Amino acid sequence: MSQVSAQLDVRVMRGYRPLDQMMGQLVRAPILASSRNTLRMALRSANELVEQGAVWYAALCVSWAAHYDGVRRTSGVVFTPEQNRLLDLWATLGRSCGWWWPRESVCVVSERPVEVHTEVWGDDGRVRLHRSDGPAIRNADGWEVHAWHGTRVPSWVIDDPDVERIARETNVEVRRCAIENIGWGAYIDRAGLRLVAAAPDPGNPGSELRLYDLRERTRVLLAVNGSAERDGHRRRYGLTVPGGIEDPVAAAGWTYGLSADQYARLLRRT
């Protein structure tokens, strides 16, 4: 693959450097980022060898095959028959199977998942794993991966989140995902969290900051996102803050490394 890439680069760079740069930005980079945020993320948590073989796994990503195929389809660059043959083989592997491991006398080939659920993330077309009503990845043999907005989580976070399980969970990110699935408002009601104080949000006019007791020496600040989501809504989210903070504005400032007075002078936060 390295030899083929080097040969193709020589031909492309001779007269199509701007097109090559555009393909890198619009095709290769989003596919590479999407691969890292989906199957690579799932495999890394299940198999530490993924990190040890990082170069090999990068070669198996379809981003480079898509890059060269895009250049071939949209320009007048002419690859040799042998280069076209190898590039076609490279693309066929990406379309027909998952990652594979060739050895001297045996080749291990993985099937593609039967289901992959993603959401668009960022402005360049990349995706990440997400599904709110089941596994984000499902293989034919029953192996599954659950994910919430790009974070791998236990199945209960998606299928049956509840206050008791959240209280027992030690992983902060998993706990956050479960609460977001329930909804911060519903979670606060079900958990019976005590409201410490509420105040208008100086950095987000029209929204309110609400400070609750969460657990010993910890409080949670419920705020509204300063920027709208893709669907036009503004997401409510919770941030943990030290238990000694009594003022919601001071709590909001603390999350930015600001004092209450500094945060109160913000014109708009994002």
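Is R73 buried or exposed? R73 is exposed, at a relative accessible area of 65%. Before I go on, please keep in mind that this is a predicted model.

I'll stay with R73 for a moment, and then move to the other charged pairs and the rings.

R73 makes a salt bridge with the side chain of D69, at 2.6 Å from N to O. Both residues belong to helix α6, which covers residues 63-74, and they are four residues apart, about one turn of the helix. The partner has another setting: D69 has 16% relative accessibility and counts as buried, because the cut-off for buried is under 20%.

A second salt bridge joins E115 and R138, with the closest N and O atoms 2.8 Å apart. This pair links distant parts of the chain, since E115 is in strand β3, residues 115-116, and R138 is in strand β6, residues 137-138, 23 residues apart. E115 is partly exposed at 23%, and R138 is partly exposed at 30%.

The third one I picked is R176 with E180, at 3.1 Å from N to O. These two are in helix α10, residues 172-182, again four residues apart, about one turn of the helix. R176 is partly exposed, with a relative accessible area of 26%, while E180 is buried at 18%. Back in the first region, salt bridges with shared partners connect D69, R72, R73 and D88 into one network. Over the whole structure, the search finds 16 salt bridges.

Now the rings. The count of aromatic pairs is four. One of them is Y68 with W90, a tilted pair with 6.4 Å between centres and 45 degrees between planes. Y68 is in helix α6 and W90 is in helix α7, residues 81-96, so the pair ties together parts 22 residues apart in sequence. Y68 and W90 are both buried.

How are the rings of W184 and Y187 arranged? Their planes are at 90 degrees and their centres 6.0 Å apart, so this pair is edge-to-face. Both residues are in helix α11, residues 184-191, three residues apart, about one turn of the helix. W184 and Y187 are buried too.

W64 joins Y68 and W90 in a cluster linked by ring pairs. W64 also has a charge over its ring: the charged end of R28 sits there, 4.1 Å from the ring centre. Elsewhere, the charged end of R126 sits over the ring of W121, 5.4 Å from the centre.

That is what I have on charges and rings.

Technical notes
Residues are numbered from 1 along each chain as its sequence is written. This is a predicted model: local features need pLDDT of at least 70, side-chain atom pairs count only at pLDDT 80 or more; totals for chains, interfaces and linings use all residues. Side-chain values use heavy atoms; hydrogens and water are left out. A salt bridge is a side-chain nitrogen of Lys or Arg within 4 Å of a carboxyl oxygen of Asp or Glu. Buried means under 20% relative accessible area, exposed over 50%, partly exposed in between (1.4 Å probe, protein chains only). Rings of Phe, Tyr and Trp (its six-membered ring) pair if their centres lie within 6.5 Å; planes under 30 degrees apart count as stacked, over 60 as edge-to-face and the rest as tilted. A charge sits over a ring if NZ of Lys or CZ of Arg is within 6 Å of the ring centre and within 35 degrees of the ring normal.
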